[in-house]
Amino acid sequence: MLDNPAVTPAVVTYQAPCGDHNDLAMTAAGTLGRALAERLAVPVQVVGVPAPVPEGAWEEALAAAGPDLAALADRYRSVFAAGHRPYGALSRCAAALATLPVVTARHPDAVVVWMDAHGDIHTPDTTGTGYLGGMALSGPLGWWDSGHGAGIGHGRAVLVGARDLDPAETAAVEGGRIACLPPGPGLAGELGEWLDGRPVYLHLDCDVLEPGIVPTDYRVPGGLTLDDLHAVCLAVAAASPLVGAEFAEYEGFDRATGRHVPPGELLDALSPLWAGM
């Protein structure tokens, strides 16, 4: 149940570097944001510009993205202050380091539904790759200090569709630090029961889908179909008040086939999140 269908949506596009391996998602975030804004009949609010991907591990990536992440957080605060519901078109998941603390400050009772093939709950002490995106959720959870805040309380985040967890992430799930609902029949129903009517902010990494449906940086077999994604969004819209959503890691160009994949079918699957607005 959308908490207030009369609330005006706001589309915020983040298209600056943020722990990228390539520049595809920066450009594609603009494409996704424009397509979403057209559907919602609202203007696009753009933060950042595409730029060369900085070299180095997470420290360098975080420092380079710092000003743009701060600007993204400020834009989200303005959206909430105006009484709007944010829909973010983000280049990479690491942009959530800026968005989620603002969301939880405004809606401390909200639950973060993190749809991703990965956990993104590494910390500087557990990461084996030094990839900033692998720490995108753990920062807002308060497991390390990103410099952009935290605020997601225990029991107020759930991994949905995760199937490629590293040992440290598996230990966090098995130890009860965070809930996890892997892909499988009945996923939408399980999520609806887990939410139990609580307000939701939904984060989508497009690699939660089966590889080949939407171009992404990572390809992890065993993912969701677009029908599965639509069912999850229907379950969220039916069971919980929605405070906002964000969509990341859409690259738009399939390097394996050389074809451009427009975001229309992806947005069709996500449409229950704004139906009736």
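User: Why is Arg 255 called partly exposed?

Analyst: In this predicted model, Arg 255 has a relative accessible area of 47%. Buried means under 20%, and exposed means over 50%. The value of 47% falls in between, so Arg 255 is partly exposed.

User: What makes Asp 217 and Arg 255 a salt bridge?

Analyst: Their closest N and O atoms are 3.6 Å apart. The cut-off is 4 Å, so the pair counts. Asp 217 sits in the loop between strand E7 (200-205) and helix H7 (226-239). Arg 255 sits in the loop between E9 and strand E10 (259-260). The two are 38 residues apart, and the pair links distant parts of the chain.

User: Why does Asp 217 count as buried?

Analyst: Its relative accessibility is 17%. Buried means under 20%, so Asp 217 qualifies.

User: Which residues are joined with Asp 217 and Arg 255 into one network?

Analyst: Asp 20, Arg 92, Glu 249 and Glu 251 join them, through salt bridges that share partners.

User: What makes Glu 249 and Arg 92 a salt bridge?

Analyst: Their side chains meet at 2.7 Å, N to O. That is within 4 Å, so the definition is met. Glu 249 lies in the loop between E8 and strand E9 (253-254), and Arg 92 in the loop between E3 and helix H3 (96-106). The parts are 157 residues apart in sequence, so the pair ties them together. Both Glu 249 and Arg 92 are buried.

User: How many salt bridges does the structure hold?

Analyst: Seven. One of them is formed by Asp 74 with Arg 77, with closest N and O atoms 2.7 Å apart. Both residues lie in helix H2 (residues 58-81), three residues apart, about one turn of the helix.

User: Are Asp 74 and Arg 77 buried, exposed or partly exposed?

Analyst: Asp 74 has 45% relative accessibility. Arg 77 has 46%. Partly exposed runs between 20% and 50%, so Asp 74 and Arg 77 both count as partly exposed.

User: How do you know that the span of helix H1 is close to the expected one?

Analyst: H1 (residues 24-40) has 17 residues. The expected span is 1.5 Å times one less than that number, which means 24 Å here. From its first C-alpha to its last, H1 reaches 24 Å. Ala 41 follows H1, with a positive phi near 60°.

User: What covers the buried residues of H1?

Analyst: The buried residues include Ala 25, Met 26, Leu 32 and Leu 36. Among the covering elements are strand E1 (9-14), strand E3 (85-90) and helix H8 (264-270).

Note on methods:
Residues numbered from 1 in each chain as written. Predicted model: local features only at pLDDT ≥ 70, side-chain atom pairs only at ≥ 80, totals over all residues. Heavy atoms only, no water. Helix = DSSP H or I, 4+ residues; strand = E, 2+ residues; numbered from the N terminus. Buried < 20%, exposed > 50% of the residue type's maximum accessible area, 1.4 Å probe, protein only. Contact = heavy atoms within 4.5 Å.
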